[in-house]
Amino acid sequence: MDIEHLRHFVAVAGRGSIGQACLDLNLTQPALTRSLQRLEKELGGKLLDRSPRGVVPTAFGETYLPYAKAII
């Protein structure tokens with residue numbers, strides 16, 4: 001598991017926006033999206049629900065978020 005993927009997930013969940021997290025992390029949107037997709041694939045579940053108004057953690061994401069923060 002790549003700690004950077006966890007850091008990216010925590011940043012997006014905290015900001016509620018991929019765009020804002022990109023600014024915080026100094027990443028492009030495609031790079032951040034790929035990172036989140038890799039983490040979701042590795043964990044076997046969807047972490048975030050995306051919409052035009054932002055992102056929110058799924059039930060799985062809410063459950064996993066405290067563990068991701070602890071690891072970081």
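**Rings, helices and a hairpin in a predicted model**

Q: In helix 4, about how many helical turns separate F60 and Y64?
A: In this predicted model, F60 and Y64 are 4 residues apart in helix 4. An α-helix has 3.6 residues a turn, so residues three or four places apart point the same way. The separation of F60 and Y64 is therefore about one helical turn.

Q: How many aromatic pairs does a search of the whole structure find, and which residue of helix 1 forms a tilted pair with Y64?
A: The search finds 2 aromatic pairs. One of them is tilted, with 6.4 Å between the ring centres and 40° between the planes. This pair ties together parts that are 55 residues apart in sequence, because one partner lies in helix 1 and the other, Y64, in helix 4. The partner in helix 1 is F9.

Q: Is F9 buried or exposed?
A: The relative accessible area of F9 is 0%. The limit for a buried residue is under 20%. F9 is therefore classed as buried.

Q: What kind of aromatic pair do F60 and Y64 form?
A: Y64 has a relative accessible area of 13% and is buried. The rings of F60 and Y64 lie 6.3 Å apart, centre to centre, with 20° between their planes. Planes under 30 degrees apart meet the cut-off for this class, so the pair is stacked.

Q: Which residues do ring pairs link into a cluster?
A: Y64 takes part in a tilted pair with F9 and in a stacked pair with F60. F60 counts as partly exposed, because its relative accessibility is 33%. The ring pairs link into a cluster the residues F9, F60 and Y64.

Q: At which residue does helix 4 bend by about 35°?
A: Helix 4 covers residues 59–71 and reaches 19 Å from its first C-alpha to its last, close to the 18 Å expected. A proline, P66, follows within four residues of the bend. The bend of about 35° is found at L65.

Q: Against which elements do the buried residues of helix 4 pack?
A: The buried residues of helix 4 are G61, Y64, L65 and A68. These residues pack against two helices and a strand, namely helix 1, helix 3 and strand 2.

Q: With which side chain does the side chain of S35 make a polar contact?
A: S35 is found in helix 3 and is buried, with a relative accessible area of 3%. Leaving aside neighbours within four places in sequence, S35 is in contact with E4, H5 and H8. The polar contact, at 2.6 Å, is with the side chain of H5.

Q: Which residue of strand 2 stands opposite L48?
A: Strand 1 (residues 48–51) and strand 2 run antiparallel and are joined by 4 bridges. A hairpin of 2 residues connects strand 1 to strand 2. Opposite L48 stands P57.

Q: What is the approximate phi of N26?
A: N26 lies in the loop between helix 2 and helix 3 and is exposed, with a relative accessible area of 70%. Most residues other than glycine have a negative phi. N26 is not a glycine, yet its phi is positive, at about 60°.

Technical notes. Residues numbered from 1 in each chain as written. Predicted model: local features only at pLDDT ≥ 70, side-chain atom pairs only at ≥ 80, totals over all residues. Heavy atoms only, no water. Expected span 1.5 Å × (residues − 1). Bend = angle between axes of the 7 residues up to and from the residue. Buried < 20%, exposed > 50% of the residue type's maximum accessible area, 1.4 Å probe, protein only. Contact = heavy atoms within 4.5 Å. Polar contact = N/O pair within 3.5 Å; in protein donor to acceptor, adjacent residues only side chain to side chain. Pairing = 2+ DSSP bridges. Phe/Tyr/Trp six-rings, centres within 6.5 Å; stacked < 30°, edge-to-face > 60°.
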